[in-house]
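Here are a few exercises to get you acquainted with a new structure. Try each task by yourself first, then walk through the solution.

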Amino acid sequence: MKKLILLLSLSFVLATVTLAQTTEVWIVRHAEKDKTNPEDKDPELSDEGRIRAGDLATFLKKTKFDAAFSTPYKRTHQTLDSLIIPKVINYSDPKSLVDSVKKNYTGKTVIVAAHSNTILEIIEAFGGKKPMEMLTDDDYDYIFRLTVKDDKAKVKKDQFGRPHHL
């Protein structure tokens, strides 16, 4: 009986520690894409986009990531290329992304490369409040840091690289 009580107590403590862990999620829009061919549904980064991807690496140089999440598009993968990340995982929608992070990366640090029309939705899916009303097609320099604990997220907005509205 004592062993059972000890085992149950230990299980409760471990469950509490796991639930109380804070996960750090960085969310960034892909860098500027090459718009020379309007028919191309999966363009690479433009020269300006490659510079911004380098600026992202400089901005995050002291952050150690456990994993990165990217849509299947070239521009999101290429935005993360300058970072040192052990694993890049494709995601298809905000719910699958949040489920994967919560299941596999609780207590860790991850980065998400997203699109202008999904970033705010992803922030809300993690339990955060939208830090702005909308992102436009010209917004490339915002980065969002979420501190996620249970189903709530604190959101901090920052900017990196060359300002986009010059």
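**Exercise 1.** Decide how R145 should be classed in this predicted model: buried or exposed, or in between? Then find its salt-bridge partner.

*Solution.* Start with the accessibility of R145, which is 31%. Buried would need under 20% and exposed over 50%, so R145 counts as partly exposed. Next, look at the side chain: R145 meets E24 in a salt bridge, with 3.2 Å from N to O. Now place the two partners. E24 sits in strand β1 and R145 in strand β5, so this pair ties together parts that are 121 residues apart in sequence. Finally, check E24 itself: its relative accessible area is 18%, so E24 is buried.

**Exercise 2.** The structure holds seven salt bridges. Work out where the partners sit in the one between E32 and R52, and in the one between K102 and D151.

*Solution.* Take E32 and R52 to begin with. Their side chains come to 3.0 Å, N to O. E32 is in the loop between β1 and α2 (47-59), while R52 belongs to helix α2, 20 residues apart. Then look at burial: E32 has a relative accessible area of 7% and is buried, and R52 is buried too, at 3%.

Move on to K102 and D151, whose closest N and O atoms are 2.8 Å apart. K102 lies in helix α4 and D151 in the loop between β5 and β6, so the pair ties together parts 49 residues apart in sequence. For accessibility, K102 is at 30% and counts as partly exposed, whereas D151, at 58%, counts as exposed.

**Exercise 3.** Stay in that loop and look at D150. What is the sign of its phi angle?

*Solution.* D150 is found between β5 (142-149) and β6 (152-159). Its phi is near 55°, a positive value in a residue other than glycine. As for its surroundings, D150 has a relative accessible area of 47%, so it is partly exposed.

**Exercise 4.** Which residues have the most contacts inside the largest nonpolar core?

*Solution.* Keep a general point in mind: in soluble globular proteins, nonpolar side chains tend to be buried together. Here the largest nonpolar core has 25 residues, and those with the most contacts inside it are V25, I27, F69, V112, F126, F144 and L146. The elements giving two or more residues to this core are β1, β2, α4 (94-104), β4 (109-114), α5 (119-125) and β5. A second, separate core has 14 residues, among them W26, F65, L83 and I85. To see one core residue up close, pick I27: its contacts include V112, A114, I122, F144 and L146.

**Exercise 5.** Find what surrounds T23 and A67.

*Solution.* T23 is in strand β1 (residues 22-29) and is buried, at 6% relative accessible area. A polar atom of its side chain lies 2.9 Å from the backbone nitrogen of G107. Its contacts also include V101, Y105 and V148.

A67 is in strand β2 (residues 67-70), and at 0% relative accessibility A67 counts as buried. Among the residues A67 touches are I85, Y105, T109 and I111. I89 is another contact: A67 and I89 are 22 residues apart in sequence but 7.5 Å apart in space, C-alpha to C-alpha.

**Exercise 6.** How many helices and strands does the chain have?

*Solution.* Count five helices and six strands. Reading along the sequence, you get α-β-α-β-α-β-α-β-α-β-β.

How values were computed: Residues are numbered from 1 along each chain as its sequence is written. This is a predicted model: local features need pLDDT of at least 70, side-chain atom pairs count only at pLDDT 80 or more; totals for chains, interfaces and linings use all residues. Side-chain values use heavy atoms; hydrogens and water are left out. Helices (H or I, at least four residues) and strands (E, at least two) are DSSP runs, numbered from the N terminus. Buried means under 20% relative accessible area, exposed over 50%, partly exposed in between (1.4 Å probe, protein chains only). A polar contact is a pair of N or O atoms within 3.5 Å; within protein, one must be able to donate a hydrogen and the other to accept it, and residues adjacent in sequence count only if both atoms are side-chain atoms. Contact means heavy atoms within 4.5 Å. A nonpolar core is a set of buried Ala, Val, Leu, Ile, Met, Phe, Trp, Tyr and Cys residues joined through side-chain atoms within 4.5 Å. A salt bridge is a side-chain nitrogen of Lys or Arg within 4 Å of a carboxyl oxygen of Asp or Glu. Lists of a residue's contacts leave out its neighbours within four places in sequence.
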